[in-house]
Amino acid sequence: MDLAARSGIALRLSAGEHLVVTNTHGQQVVDTWALSAQEPSRFLSASHTWMHTGRLVVRAGDDLVDNTRRPLLSLSEDTSLGDHDLLIPSCDLPRYRQLGVREYHDNCHDNFYAALAALGVPAPQFVPQPLNLFMRVPIAADGAISIESPRARAGDRVRLTAVEDVVVVLSACPQDLAATNGVGRTPTGVAYDIVGATV
Ligand SMILES: [Zn+2]
């Protein structure tokens, strides 16, 4: 299935199912969230995942844990060079205001709420910090961070495996004022597929 540029979608995954996200054109960042289907107050938590893995970055094989330290997803496959950010909040209208935009601008924050509403899932009162697939945020030795043009190539993909029944939200980031989605500053769509549980 295609996820159009600048848009979001919420998907239900049963335990054991896989969600494959493919960077159709390359360099596109995909803000990604997960909530427990049974208890939506449990959400994929970046800071708890840092603690769980002992790293600020994720790698294939890592479990991604929630705010009660239970695994919701695992990053079971990654054909990219491994750039996925767990530090940067989703883009939102205040961010685009800072960048000088006066009118409405599509943003991942609003995509999160719209996607959950479309699926009929009660949304948390705040937007959790996302896992930003394919986003390149190098961490320098002095702790400095910067948002760099992604290295993800067309066809690169990640596979997220549901550890329990979850709702996953994807947002094809509409950032077109910085190099978040490449120096061309042209957000694109991505593709996703739900693959059945492997027995
Ligand atoms: Zn965004």
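This is a guided tour of a predicted model, with a suggestion at each stop of what to select and a note on what is there.

**The zinc ion**

Begin by selecting the zinc ion together with Cys91, Cys108 and Cys173, whose SG atoms are its protein donors and lie 2.2 to 2.3 Å from it. Along the sequence these donor residues follow the spacing C-x16-C-x64-C. If you now colour the chain by secondary structure, you will find Cys108 in helix α3, which covers residues 108-119, while Cys173 sits in the loop between β10 (166-172) and β11 (190-195), so this pair ties together parts that are 65 residues apart in sequence. Are these two residues, Cys108 and Cys173, buried or exposed? Cys108 counts as buried because its relative accessibility is 0%, and Cys173 is buried as well, with a relative accessible area of 5%.

**The aromatic cluster**

Stay with helix α3 and select Trp33, Phe112 and Tyr113, which ring pairs link into a cluster. The model has three aromatic pairs in its count. One of them is formed by Trp33 and Phe112, a tilted pair whose centres are 4.8 Å apart and whose planes make an angle of 55 degrees. Trp33 belongs to strand β4 (residues 30-36) and Phe112 to helix α3, so the contact ties together parts that are 79 residues apart in sequence. Turning to the next ring, you will see that Phe112 also pairs with Tyr113, this time edge-to-face, at 5.3 Å centre to centre and with 75 degrees between the planes. Show the surface to compare how these rings are placed: Trp33 and Phe112 are both buried, whereas Tyr113, at 23% relative accessibility, counts as partly exposed.

**The two sheets**

Next, switch to a cartoon view and select the six strands that form an open, antiparallel sheet in the order β1-β11-β3-β9-β6-β5. Its edge strands are β1 (2-3) and β5 (63-65), each of which pairs on one side only. Within this sheet, look at β3 (residues 18-22) and β11, which run antiparallel to each other and are joined over five bridges; to see one such contact, select Thr22, whose bridge partner in β11 is Ala191.

Then select the other open sheet, in which five strands pair in the antiparallel sense in the order β2-β10-β4-β8-β7. Here the edges are β2 (8-13) and β7 (84-85), and each of these strands pairs on one side only. Strand β4, where Trp33 was found, pairs with strand β8 (residues 131-133) in the antiparallel sense over three bridges, and Asp31 has Asn132 as its bridge partner in β8.

**The pockets**

Finish with the pockets, starting from the zinc donor Cys91. Which residues lie nearest the centre of the largest pocket? They are Ile88, Pro89, Cys91, Arg95 and Ile147, out of a lining of 15 residues. This pocket holds about 260 Å³ of space, and its lining divides into eight nonpolar, four polar and three charged residues.

For the last selection, take Val57, Asp83, His84, Val137 and Pro138, which lie nearest the centre of the second largest pocket, itself lined by 14 residues. The space in this second largest pocket comes to about 170 Å³, and the residues around it are eight nonpolar, two polar and four charged.

How values were computed
Residues numbered from 1 in each chain as written. Predicted model: local features only at pLDDT ≥ 70, side-chain atom pairs only at ≥ 80, totals over all residues. Heavy atoms only, no water. Donors = N, O, S within 2.8 Å, 3.2 Å for Na, K, Ca; no water. Helix = DSSP H or I, 4+ residues; strand = E, 2+ residues; numbered from the N terminus. Buried < 20%, exposed > 50% of the residue type's maximum accessible area, 1.4 Å probe, protein only. 1 Å grid on protein atoms, 1.4 Å probe; cavity = no way out; pocket = protein on both sides within 12 Å on 5 of 7 lines; lining within 4 Å. Points joined across faces, edges and corners; volume = space filled by probe spheres on them. Nonpolar A, V, L, I, M, F, W, Y, C, P; charged D, E, K, R; others polar. Phe/Tyr/Trp six-rings, centres within 6.5 Å; stacked < 30°, edge-to-face > 60°. Pairing = 2+ DSSP bridges.
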